[in-house]
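Subject: Structure handover

Hello,

Here is the structure I said I would pass on. Please open it first; my notes follow below.

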Amino acid sequence: MAHGQWERWLREEVDIHPRVAQMHMKVAETPGLKTRTSSQMGLDALYLIATLPPEERTREHTLKSGVTKTVDEMTVRELREVKAALKKERERGNKRKYAHRKRKLTTNWSAALLAQCATRLRKLNTLRFAKKTQTHGGHPRACA
């Protein structure tokens, strides 16, 4: 099949939307979903499970309702709830990580800026002192 013909072939010959085909492929390539339970689940539920991180597929999750279930016991709505909670948790972790990096960069930048300012002040004071000590006709020269 020529490049770019796959979607057309899916639509015309197989009568399936490319997104649905991609979902089927994701489910098929995910280890652990080829079980007896998965044969009774819908494509949406299987796809949601397949797109979870591998370590989250095997552990129990506590839902907002307080019920604890494994992913193969959940409805599509519950799987979406779990995915949303995991995403929120991951984003919070990223914010903390980046906030720490930002503080570290700001601190490093501030320290570097202070060091540069101190160096410039020392040079400036050295120049001023040198100008004051230069004599012109026996009198110290005024600082400009």
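How many of the 8 residues of α3 are buried? The count is 6, so by the cut-off of under 20% relative accessible area the helix is mostly covered. The buried residues of α3 are Ala-45, Leu-46, Tyr-47, Leu-48, Ile-49 and Ala-50. Before going further, please note that this is a predicted model.

Overall layout

The chain has 144 residues, and 19% of them count as buried. Its secondary structure consists of 5 helices and 4 strands. In sequence order they run α-α-α-α-β-β-α-β-β. The chain exposes about 11600 Å², with 55% of that supplied by carbon and sulfur atoms. Taking the contacts with a separation of 6 or more, 27% are between residues 24 or more positions apart.

Helices α1 and α2

The axes of α1 and α2 come within 9 Å and cross at roughly 105°. The two helices are therefore roughly perpendicular to each other. On the α1 side the contact is made by Trp-6, Glu-7, Leu-10 and Arg-11, and on the α2 side by Pro-18, Ala-21, Gln-22 and Met-25. By class, these residues divide into 5 nonpolar, 1 polar and 2 charged.

The loop between α1 and α2 contains Asp-15. Asp-15 is not a glycine, yet its phi is positive, near 60°. Is Asp-15 buried or exposed? Its relative accessible area is 68%, which makes Asp-15 exposed.

Helices α2 and α3

Helix α2 covers residues 18–28 and helix α3 covers residues 43–50. Their axes come within 9 Å and cross at roughly 55°. That angle makes α2 oblique to α3, and the crossing is left-handed. From α2, the residues that take part are Arg-19, Val-20, Met-23, His-24, Lys-26 and Val-27. They meet Leu-43, Asp-44, Leu-46, Tyr-47 and Ala-50 of α3. This contact has 7 nonpolar, 1 polar and 3 charged residues.

Which residues of α2 are buried? They are Pro-18, Ala-21, Met-23 and Val-27. What covers them includes α1, residues 6–14, and α3. Pro-18 and Ala-21 also appear in the contact with α1, while Met-23 and Val-27 appear in the contact with α3.

One residue of α3 to look at here is Leu-43. With a relative accessibility of 23%, Leu-43 counts as partly exposed. Which residues does Leu-43 contact, leaving aside its neighbours within four places in sequence? The list is Val-20, Met-23, His-24 and Val-27, and each of these belongs to the α2 side of the contact between the two helices. Leu-43 and Val-20 are 23 residues apart in sequence, and their C-alpha atoms are 8.6 Å apart in space.

Helix α5 and strand β1

Helix α5 covers residues 76–133, and Leu-79 lies in it. Leu-79 counts as buried, at 1% relative accessibility. Not counting residues up to four places away in sequence, Leu-79 touches Ala-45, Leu-48, Ile-49, Val-71 and Met-74. Of that list, Ala-45, Leu-48 and Ile-49 are also among the buried residues of α3. Leu-79 is 27 residues along the chain from Leu-52, and their C-alpha atoms are separated by 9.3 Å.

Strand β1, residues 61–62, holds His-61. Is His-61 buried or exposed? It is buried, with a relative accessible area of 4%. Leaving aside neighbours within four places in sequence, His-61 is in contact with Glu-56, Val-67, Thr-68, Lys-69, Val-71, Met-74, Val-82 and Leu-86. Val-71 and Met-74 are also in the contact list of Leu-79. Between His-61 and Leu-79 there are 9.7 Å, C-alpha to C-alpha, at 18 residues apart along the chain.

Where to look

If you want a short route through the model, begin with α3, where 6 of 8 residues are buried. From there, go to the oblique crossing of α2 and α3, and then to the roughly perpendicular pair α1 and α2. Leu-79 and His-61, both buried, can come last.

Regards

Definitions and conventions:
Residues are numbered from 1 along each chain as its sequence is written. This is a predicted model: local features need pLDDT of at least 70, side-chain atom pairs count only at pLDDT 80 or more; totals for chains, interfaces and linings use all residues. Side-chain values use heavy atoms; hydrogens and water are left out. Buried means under 20% relative accessible area, exposed over 50%, partly exposed in between (1.4 Å probe, protein chains only). Contact means heavy atoms within 4.5 Å. Accessible areas come from the Shrake-Rupley method with a 1.4 Å probe; for residues, only the protein chains shown count as cover. Axes are lines fitted to C-alpha atoms, for helices over the stretch in contact, and angles run from 0 to 180 degrees between N-to-C directions. Angles under 35 degrees count as roughly parallel, over 145 as roughly antiparallel, 65 to 115 as roughly perpendicular and the rest as oblique. A crossing is left-handed if the near helix is turned anticlockwise from the far one by less than a right angle, and right-handed if clockwise. Ala, Val, Leu, Ile, Met, Phe, Trp, Tyr, Cys and Pro count as nonpolar, Asp, Glu, Lys and Arg as charged, and the others, Gly among them, as polar.
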